[in-house]
Amino acid sequence: MSPAGDREAGLEAEGAAGRETEGAAGPEAAGNGGVFDEEHLALKSLLGAWALAVCSAEETAAVEAHLPRCPPCAGEARRLRDAVGLMHREESLDPDPLLRSRVLDECLRRRPARTPLPEWVAPYDAETARLDALLRDMGEAEWNTPVRLHWATGERTLTLCGVLAHLGSVDGLVATALGLEDPLGPGAPRTVGDRTETAVERCRAHGPPFVRNKWRTQTRNIVRTAALRAHDAALPVDFTEFRRPLRDALAGRAFACWIHAEDIATAVDYPYGPPAPEHLGRMVDFIARRLPEAVAARRRAGLAAPPRRLTAAGAPGRTLHLEIGGRGGGDWYVPLDSPAALASPDHTVARLALEDTEFCRLAAGHVQPREAAAGREGDDEAVGEVLWAVATLSRM
């Protein structure tokens, strides 16, 4: 190569090296007061807005084109984005508890079920499905977690597996009323306490997978059979200590499933919300309709003062206005002198107000009457009688 060619090659290499050095140092090294300095400062001033995702589309494009060519700005942008991430509240990854209902409603809207699910079966269907979803996440060790069950007159600790066995054994009384097999087999005891003992003992012998599968299969069979026998809503279900029509029996079993699912969730430190409002409303109504007899039962047991006056069956008598707030609430009127008396707003002597979930937890024995967050008005003795009557409805 000629000397002139050598000089030209050297100049080209020197220029390339200069360009590489300029790119590595970033726009701040491009010169004092130059075009690059002004562009750099303008884009640097946008980094905070960019990290908060509030730039316009044009500004965002300019900043993101600038960052790969400017290490100082890229580092600052990374630090700002990390800081913004710390400012956001963590959101639960658990699905909305109403998601299942919404999905089913949309599916049924598009393609109606061949056998529609009666409204009075829906709470039991939903609550057993919610508990099953909770159980799906349980590890092997968690099935032996102690779960504390407590009600107005006692408490007991079972393993998680034992709680599920208890639920399944009592649900079995609904199953047999529908003509299904008893999960405990022929000749099994009929009282709730004895059935629970038998089921818990078998739980120890068979283990969690067997118990969960047996419980879930039974709940699905109950829902399917009840749907096919929608005309049998008044079918009596014999719990030995009491009898209830099928409609109320399933409301009670849905209520028990929710409460014991909360017991399980508390034991394993897992969040668990209340039922859907329309299902919670059915549970509230089921509890409220039992109050006249519960008040009378406390009097018969000597736990409450006798009625202020005798009231003939069907005649209006002293009444308590029960006001339940929340999306599952409403208004009920409770006769105070006799369960057969006519409750009348015109004869109201007291008012008791509670939120729907507080009312249910009081009925489950999870809240003591003295500690209930309740609004009171009028005859204080009448309010106290009804609060205690609600609590006495609880059992294991």
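Which residues does the UniProt annotation "domain: Putative zinc-finger" cover? In this predicted model, the annotation, which comes from an unreviewed UniProt entry, spans residues 45-74. Within the model, this span is 63% helix and 0% strand, and the C-alpha atoms at its two ends lie 13 Å apart.

The cysteines were examined next. A search of the whole structure returned 1 disulfide, formed by Cys161 and Cys203, whose sulfur atoms are 2.3 Å apart. This pair connects distant parts of the chain, with Cys161 located in helix H8 (residues 160-177) and Cys203 in helix H9 (residues 192-206), the two cysteines being 42 residues apart. A disulfide is a covalent bond between the sulfur atoms of two cysteines. Both partners are shielded from the surface by the criterion applied here: Cys161 counts as buried because its relative accessibility is 3%, and Cys203 likewise counts as buried because its relative accessibility is 7%.

Cys70, by contrast, takes part in no disulfide. The nearest cysteine sulfur to that of Cys70 belongs to Cys73 and is 3.6 Å away; because a disulfide requires the sulfur atoms to lie within 2.5 Å, this pair is not counted as one. Cys70 has a relative accessibility of 1% and therefore counts as buried. Cys360 is also buried, with a relative accessible area of 0%.

Methods. Residues are numbered from 1 along each chain as its sequence is written. This is a predicted model: local features need pLDDT of at least 70, side-chain atom pairs count only at pLDDT 80 or more; totals for chains, interfaces and linings use all residues. Side-chain values use heavy atoms; hydrogens and water are left out. UniProt positions are given in the numbering used here, feature names are shortened, and annotations may be inferred rather than shown by experiment. Helices (H or I, at least four residues) and strands (E, at least two) are DSSP runs, numbered from the N terminus. Buried means under 20% relative accessible area, exposed over 50%, partly exposed in between (1.4 Å probe, protein chains only).
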